[in-house]
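User: Please take a close look at the charged side chains in this model: which of them pair up, where do they sit, and how accessible are they? A connected account would suit me better than a list.

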Amino acid sequence: GKKKKGEKKEKKKKGKKKGGKGGKEAGGDEEEGFKMVPSMFIPGIEEASSNYEDIWKHRDETDNFQQKYDAELIKELKRGEVESEIRVQVDDLMRQELKNLKAALQKDMGKKGGKGSAKKKGGKKKDKKGGKKGKKDKDLTPDRTIESLYEELVKEGILVQYPKVKISDYMGEYSYLGTTLRQANIEPMPSLSDVRRVITEYGVLPMGSQTVHETAPHVKSILIAGPHGTGKRMLVNAICSELGANLIDLTAENICGRYPGKAGLTMLLHLVMKVGKLLQPTVIYIGNAEKTFIKKVPKNDMSDPKRLKKELPKIIKKMAPEDRILFVGTSLTPWDADVKGLCSCYQKIVLIPRPDYASRYLLFKELILRSGGRLAPTLDLSSLAKISDGYTPGHIITAVKHVLTERRVQQLHRKPLTALEFVTPLARIDPIYKEEEEQFKAFYDKTTMGKKRQMLLKGDEE
């Protein structure tokens, strides 16, 4: 008997230990940095799949070469429509009949007034609730047409033109070393190809379709940060060009002196949002986005950079999924801003790194061909891509333009291009050093997304 009791106690202790471990494991699972959100498109895909399985999969269409309509399928569809229409009519008749029966019953029982007054009270309460829910922002320009509002924004230089640029014009190669670096516990920097893909997924694809924008995860704002010459403004122009969107420029320098005072700012934001919502899709661009949340404004800066600091997060928060409006900010020195304020305003932060070897090779090759050059055996592109480490796409474009002048293009059949010709113009430009890239990394690690990523990587290591 004592042995059995001892065994039971040991089992209980082991059970407790196991439970403790399980609790820790469960807690560890909860603290994971990133979890995939279930897609809103799956029910629609499943419905279409089941529809195909039920109707079309086993259907023999060999004798229907001309693809004539199927009368039975149409009857089945229309039968449902007719049923729903008749049901509405029948429901109305049944309600009328029920009302008549209640009236007759009340007449017999002598209780006609009580319920009617109760209904009236109930109706009043509902009206009050309805009034609270239906509150909307006051329209400051109810008597003006959308054409006059649009014209005003164009004249004030708020609604601007942009050069037509395709997203495919943002050249960059895949990071082929990414997997190898991860295996060595080194987190690789994204390539220019990754940047192009992310901008397409967040900025172009959802905004291009009303259905997708309402169903997919709602991205209201993007911050594109990177060194000088990495193509931040080009990406903004590419988003607008791919969508055929209106571009509204709310950069501090652009709105300086326009719509002065608090009332003026309220009117400006009202015009921007009204035109943006009525003429969708709309991209609202904010250059030097860090200045809106800058810690200390320089004395020589007269543009009032903090003008939108309070209003901007409020506007972005109010935006609904049916509003195809995207706020896009660009930043050269994001670490100058208050990180908390910047993250409260911009949902997604995209860092553009220095181009890697594969991207530089592709850039030189494509830019030389587009400028009228020829890829001769004397042109060692591999060495050129190797020695140009640290130079951005903007620097490479400058070097190619400097070399391939109209006169040099005419001489190509006699004097082929060499890699040495590109070295001199590159040497005159200061490259992006690793210290600057580390500053961008340090900034990203302080953001909400950066912290989640660090937690995820720690979880993988453990």
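Analyst: Glu253 is partly exposed in this predicted model, with a relative accessible area of 37%, and its partner Lys291 is likewise classed as partly exposed, at 21% relative accessibility. The side chains of Glu253 and Lys291 meet in a salt bridge, with 3.0 Å from N to O. Because Glu253 belongs to helix α10 (residues 252-255) while Lys291 sits in the loop between β4 (282-286) and α12 (311-318), this pair ties together parts that are 38 residues apart in sequence.

A second pair joins Arg360 and Asp389, whose side chains form a salt bridge at 3.3 Å, again taken from N to O. This pair, too, links distant parts of the chain, since Arg360 is in helix α14 (residues 357-370) and Asp389 is in the loop between α15 (381-387) and α16 (393-403), 29 residues apart. The two partners fall into separate accessibility classes: Arg360 counts as buried, at 4% relative accessibility, whereas Asp389 is partly exposed, with a relative accessible area of 44%. Elsewhere, salt bridges that share partners join Arg59, Glu61 and Asp70 into one network.

Within a single helix, Lys78 forms a salt bridge with Glu81, the closest N and O atoms being 3.4 Å apart. The two residues are three positions apart in helix α3, so about one helical turn separates Lys78 from Glu81. Both ends of this pair are partly exposed, Lys78 at 45% relative accessibility and Glu81 at 41%. Helix α3 spans residues 71-109 and also holds Val90, which is partly exposed at 39% relative accessibility. Together with Val82, Ile86 and Met94, Val90 forms a nonpolar patch on the surface, with about 350 Å² of accessible area in total.

The pairs described so far are among the 15 salt bridges found by a search of the whole structure. In general, side chains of opposite charge can pair when their charged atoms come close.

Lys232 offers a contrasting case, being buried yet without a salt bridge. The nearest side chain of opposite charge, that of Glu436, is 8.1 Å from Lys232; because a salt bridge requires the nitrogen and the carboxyl oxygen to lie within 4 Å, this pair does not qualify. What the side chain of Lys232 does have is the backbone oxygen of Gly226, which lies 3.0 Å from one of its polar atoms. Lys232 belongs to helix α9 (residues 232-243), and, leaving aside neighbours within four places in sequence, its contacts are Ile224, Ala225, Gly226, Pro227, Thr330, Ser331, Leu332 and Ile352.

Another positive residue worth a look is Arg453, in helix α20 (residues 448-461), where it is partly exposed with a relative accessible area of 36%. Once neighbours within four places in sequence are set aside, Arg453 is in contact with Arg182, Glu187 and Tyr444.

As for the setting of these side chains, the protein has 20 helices and six strands, and 34% of its 462 residues count as buried. Its accessible surface comes to about 31200 Å², of which carbon and sulfur atoms contribute 55%. Of the contacts in the protein with a separation of 6 or more, 80% are between residues 24 or more positions apart.

Methods: Residues numbered from 1 in each chain as written. Predicted model: local features only at pLDDT ≥ 70, side-chain atom pairs only at ≥ 80, totals over all residues. Heavy atoms only, no water. Helix = DSSP H or I, 4+ residues; strand = E, 2+ residues; numbered from the N terminus. Buried < 20%, exposed > 50% of the residue type's maximum accessible area, 1.4 Å probe, protein only. Lys, Arg positive; Asp, Glu negative; His and termini not counted. Polar contact = N/O pair within 3.5 Å; in protein donor to acceptor, adjacent residues only side chain to side chain. Contact = heavy atoms within 4.5 Å. Areas by Shrake-Rupley, 256 points an atom, 1.4 Å probe, with all protein chains shown as cover. Patch = residues over 30% accessible without salt bridge, like charges linked within 9 Å, V, L, I, M, F, W, Y side chains within 5 Å.
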